Each structure stands twice: as C-alpha cells, then as structure tokens.
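Hi,

Here is the structure I promised to pass on. Have a look around in the viewer before you read my notes below.

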Amino acid sequence: MESLKAIINAACAPEIMFTAILLVFFFLFPPNDWFYKASKKLGLNKLWTKNGGIGIFVVMILFFAFGLSDDNFRLIVIKPDNVPIVGLLFLVVFFLWLSLKQAWENDKRIEEGKPPAEADDAKEKVLVWPDLVYIELIALVVISALLLVWAIGLGAPLEEPANPTVSPNPSKAPWYFLGLQEMLVYFDPWIAGVVFPTVIILGFMAIPFLDNNPKGCGYYSVKDRKMAVSIFLFFWLVLWIFLISTGTFLRGPNWNFFGPFEYWDPHKLVALTNLNLSELIYMIILKRPLPENIFLREAGGFIVMGIYFGLIPLILAKTFLKDVYQRLGPVRYSIFIVFLLLAISLPIKMYLRWGFNIKYIIAIPEFFFNI
Amino acid sequence: MSEGNNKFLENFKKTQLYRAIFRTGGAPISTHKQRILVTLNNVFLHLHPIRLPKHAVKVKYTWCMGGLSFFVFLVLTITGILLMFYYRPTVEYAYGDIIDLSEQVPLGLMREIHRWGAHLMVITVWLHMFRVFMTGSYKPPREFNWMVGVILLVLTMLMSFTGYLLPWDQLAIWAITVGSNMAGATPLLGASGPGASLLAIGDVNFVHAASDARFAMLGGRFVGEGALLRFYVLHCIGLPFVIMIFMIVHFWRVRKDGGISGPT
C-alpha cells in the first residue's frame, strides 16, 4: 500500500504527469487525420462509449476512495474550499465524456452518409410550454436541492481574523486563479498575472474569427473540426483544469510540490539551481564574465525570442500549418500563431526549467523585465 | 382534497384579480393556441421562443448550464441582499458580522448558500462555455455572443474574487494579497512591473507603490480598510450592474442570432 502511494506521489510530479499527459493527449483528442486514425486503431475512442464512461467513473471513484483512506490526502481534499474543485473534476470528466460520446457517434453517422443525431431531432418542433419549461423547472429544483444539501452539510470556511503580519504558508489565490498562480513558477508576475490573463481573454474572444471552418456548428463532432477541438481541449483540460488541480492539491508550503499522499512539510528543501540563459551562454559555455551592457548580455535571449516569434511562424506557414495558413490568410494566421506560440511558450518554459534549470530567457531585472 | 383545491383554483381564476394579473385569463392551458399564448403573454417566459426544434430541449445537448448559471446568479442576488442586512464592510466589524451571521441570525445558512453558490456559478459558467464550444455554437452568426460570453465569464470570476475578501479572515486577505500583487506587476502601470521605472522625469517616478495599478485596485498600499470598501462596493453594486448589462445583451442576442444553435 505504501509503495503504491509512493509510486503515485512520484508520478504526480509536474514534470512526469505533464509529460505523460502530452504523450497521450493527441491520441485521445486527435488534431489531424493521422492521429484520428491512430486513435481509432488503438481503440481509444472506446473510452467515449457507455462502457468506457463507466470505466472512467469507476477508476476515479476508486482513486478517491483509496485516497480518502490516507490522512494527508484527506486533509487537502476535504478542505471546504477544495470540495468544489473535486466536484469540478468529476463534472469536467463527465461532460467531456458526454460530449465526446455524442461526437464520435455523430462522426460514425456522418461517415455512413447520415446527418448528425441532432438533425434528426431538429425535424420535430416542440412548444416551449410545456416541453422546455418543465425541464427548466426540474433543473432548478435539482440544483436548489443540491445547493441546500451542500450548504447544510458543509460549513463555509472561516479562518482566524485577518492579520496582515502573519502570512499563511502557502498563501493561495482563490481556486479559479490557481492556474495563474501555478504559472508563476515558470514566469514572472507580469507575464503570469497580467499578460497571460489578457491574452487568454483575447484569445478566447478571437476563437470565432480564427476558426473559420463552417462545418460542425450545432452538433457534437470531432471529425468535422478535429484541430479546433484538439486545441481547445488542450487549453481547457491541460492549461486550465490540470494547472488548477496541481495548484490546489499538489502545491504546499513555499509552493513546493507535494504528492497527493505526501505530508505538507513546511521545511521541505528543494534545491534552487536555476540560472538564466545569459549566464548559461557566457559563464558556462563561453567561460567568461557577463558583459556590462544589458543588450549585449541578453543578446542570446533576444535572438531566441526573435526566432520564436519571427521565424517560426513563417516556417510553420510553409510546412506543418500550410493548410491553416491558406484557410486563414495572412492577418488571421498571424493572430492565430501569436496566440498559439504564447500558449505553447508555457510548456516550453516548463521543460526548460525541468530539463536545463533555465529561469529566464531574457533577464533584465534592472527594469523588472524578465521572460 | 384535490377536488376542493381544484374547485377553489377554478373559482379563483374567474376573479377579476386573477384576470388582472395574468393576461391569458383563467382559461385552462390545454389547446395549442393557449400554450403559445402562455409564453407570449408572460414577461419572464417570453425570453424563450414559442417553439423549438426538439434537440434544443434535450439535456444531453444543452447540459442546462447557461440557464443554471442565470438561476444561480439569481440565488446569489437574493442571498446576497439578505447578507447585506447584517454585514458591515469595515475592518472593525466585518469578521464579527460574519460570525454573527452563522451564530445569531435565524436561518443562518445564507452565507453557506452564497459561498457555495458562488463556486457553483463559476463551475456552471465554465461548463456552459465548454458545451458551447463542443457544439461549435460560436460560429457565425453567434461570434459576438461568444465574445459577450467570455466577458461574462471574466466578470463572474471577478465577482467571486471581490466577494472572497469580505469575510475578512486570513484566507480572504492573503488570497486577495496574492491576487492583487499581480496587478502591481502590470507592465508600465505597476510599480514592480517592467517599464514602470522608465516613466520618470529625473528622479521623480510617476508610477510607484502609491500610484500604480495595485494601489488603484486596493485603495491603499496593502489589503486594508480601503480595499475592503472597494471590493464591497464592486461586489454588491459595481460588478452586478455591469454583469446585468452584459447578460441582457447575451440573452437578447441568443434570440436574435436565431435561438439555440442547431444543425442546419
């Protein structure tokens, strides 16, 4: 039992968990034809059937049941403000299953030359009174009952009175912002807390203008809009839900990583061996002191950024994303690729940190300008 | 008993009072025409169309999340109004009032419903966005309504964030401290953000800890009296006002853009 817990603790480490997710993600949520076929061949689409759903649900329940037998796990998961996130995890998985089940069923119908199931339903018209109103009523009664039971069963948390001189360790933002706080591990506050939220909001608002595929409106489908679904699910499941869960359940004192069955030891020591790209280039590779001039010192970082945002979009437009470029045209493609590269910069920064201990690519602390 | 009740109801429906309130009058809703009139003649129901394609009423298609978000918002408004009777947004009283809420006030469940409802609304709004994406419902002609939806999602989180401070306990002020520190890092506008030190004439900095974005948000250099009042006003009046306007546009556009999405 203890060894199983140790294995799970180790597997939950961000670098391992995230890599595992990356490896399976595109097979589960195929972005193109090749992955779509591979997904079918491997039988992964069977997850999105009734039996698959029951399987996923049973595994989740078993994990939580097993976890709740552990004191450390229980301490974090049962914390009143964390309960909604446990609920959120189950709901997200359930609705992911529900949408993909219908999507794969519709895909099959479309392959057979039939319209999606929604189109069959849509032929019939029903009156709002009573057909919609009674569904709304039931939904309201159910949610009211749920809220009432929840409110009676679980008291709202109230800690000690506010004391500006005693800061709790860890100090956490409200749970829906913990994805942003988790990004603080890899980026400075001005990026993780200001630029990225702005980019996320603008990026989400831009979705209807960047996805100009006319197919797939008004019914669940994967096949008709593979890339859109795959990219969105990557944001939603990995960069949103996964980061929030990590920030909530797996980050303890000093924002150190703790496995789900690990005691939150405030004295856990984690070696800080991070260095900046400029230090790597000058001090380790060239074996000489850092230059005085800021721009000379950070030249390597600026070149990397220039290549990343200047050259890579051009190369991608000619190669992997040729179709996308043709469909979107230069303006939309530019916007699309900037959003995409900004989003991918997070995993890249993660791996630079895990693999090479790189802290900043450009580090100008003189102006608080660190990337 | 039901016989008597029915009789009473039938008689009541014939009164002038009943007919004055309900435009359809007392006739039983049994015919096709009357079912249409019920929706048409009621200000709340007329948010709906008269009839819908069948897929649009199926829970497996809609997940009910949009409607539930609105419903939870109403629950939060009602419980919030009740809470406002007892809560004073000052450093002196806030925490004590929260304790009194659960210990002295009859039906002291309102704070629980309000807090869990707030979490629930964040979740239902997210899931609503998830559903809208998975059905491709942001595609033309619904692009603008998707954008309004994103703004509503952000406002929902801001509502929740501002409310988080009000209990004035350790959880509250440190969560807001963590959150508001990020505002201090805003490029150019935050004292600890990149470029802020460039906005200076000689030795005089324009952007410093008492004039930057964080200060504007907190009404002070740290989370204190000013921040509590600011968050209280935003939470109870400011943001609800804004969110209502966006909700009106959102609901209206759902109808104007052709109702709920469906296969063409």
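Below is what I found, going from chain A on its own to the place where the chains meet, and then to a few odd spots.

One thing to keep in mind while you read: this is a predicted model.

**Chain A by itself**

Chain A is built from 15 helices and three strands. If you lay its C-alpha trace along its principal axes, the trace spans about 75 × 55 × 40 Å. The chain has 371 residues, and 27% of them count as buried. Take the contacts in chain A between residues at least 6 apart in sequence: 66% of those join residues at least 24 apart.

For an example of two residues that are separated along the chain, try Trp354(A), which sits in helix α15 (residues 322-356) of chain A. Trp354(A) is 80 residues away from Asn274(A) in sequence, yet their C-alpha atoms are 9.6 Å apart in space. Trp354(A) has 16 C-beta neighbours inside 10 Å, so it counts as partly exposed.

**Where A meets B**

How many residues of each chain are in contact with the other chain? On chain A there are 72, and they touch 84 residues of chain B. Sorted by class, chain A's side of this contact holds 51 nonpolar, 10 polar and 11 charged residues. Which element gives the most to that side? It is α8(A), with 13 residues, so to speak the one to click on first.Helix α8 (residues 128-153) of chain A comes up against two helices of chain B, taken here in turn.

- Partner one is helix α7 (residues 110-134) of chain B: the two axes come within 9 Å and cross at roughly 125°. At that angle, α8(A) and α7(B) are therefore oblique to each other, and the crossing is right-handed. From α8(A), Leu147(A), Trp150(A) and Ala151(A) take part, and they meet Glu112(B), Ile113(B), Trp116(B), Gly117(B) and Leu120(B) in α7(B). Those residues divide into six nonpolar, one polar and one charged.
- Partner two is helix α5 (residues 65-84) of chain B, where the axes come within 10 Å and cross at roughly 50°. α8(A) and α5(B) are therefore oblique as well, and α8(A) passes α5(B) in a right-handed crossing. Here Glu136(A), Ala139(A), Leu140(A), Ile143(A) and Leu147(A) meet Gly67(B), Leu68(B), Phe71(B), Val72(B) and Val75(B). By class, this contact has eight nonpolar, one polar and one charged residues.

Leu147(A) turns up in the contact with α7(B) and again in the contact with α5(B).

Strands join the chains too: β1(A) pairs with strand β1 (residues 51-53) of chain B in the antiparallel sense, over three bridges. To find the spot, look for Lys125(A), which stands opposite Pro53(B).

**Some backbone oddities**

Where are the cis peptide bonds I noted? One joins Asn169(A) and Pro170(A), with omega about 0°, and Pro170(A) lies in the loop between α8 and α9 (178-183) of chain A. Another runs from Pro140(B) to Pro141(B), with omega near 5°; Pro141(B) is in the loop between α7 and α8 (143-165) of chain B.

Two residues that are not glycine have a positive phi. Trp255(A) has phi near 60° and belongs to the loop between α11 and α12 (277-285) of chain A. With 16 other C-beta atoms within 10 Å, Trp255(A) is partly exposed. For Leu188(B), phi is about 70°, and its loop runs between α9 (170-183) and β2 (200-201) of chain B. Leu188(B) is partly exposed, with 15 other C-beta atoms within 10 Å.

Cheers

Key:
Residues numbered from 1 in each chain as written. Chains lettered and ligands numbered in written order. Predicted model: local features only at pLDDT ≥ 70, side-chain atom pairs only at ≥ 80, totals over all residues. Axes fitted to C-alpha atoms, helices over the stretch in contact; angles between N-to-C directions. Helix = DSSP H or I, 4+ residues; strand = E, 2+ residues; numbered from the N terminus. Parallel < 35°, antiparallel > 145°, perpendicular 65-115°, else oblique. Left-handed = near helix turned anticlockwise from the far one by under 90°. Contact = placed C-beta atoms within 7 Å. Nonpolar A, V, L, I, M, F, W, Y, C, P; charged D, E, K, R; others polar. Pairing = 2+ DSSP bridges. Buried ≥ 20, exposed ≤ 12 C-beta atoms within 10 Å, placed from the backbone.
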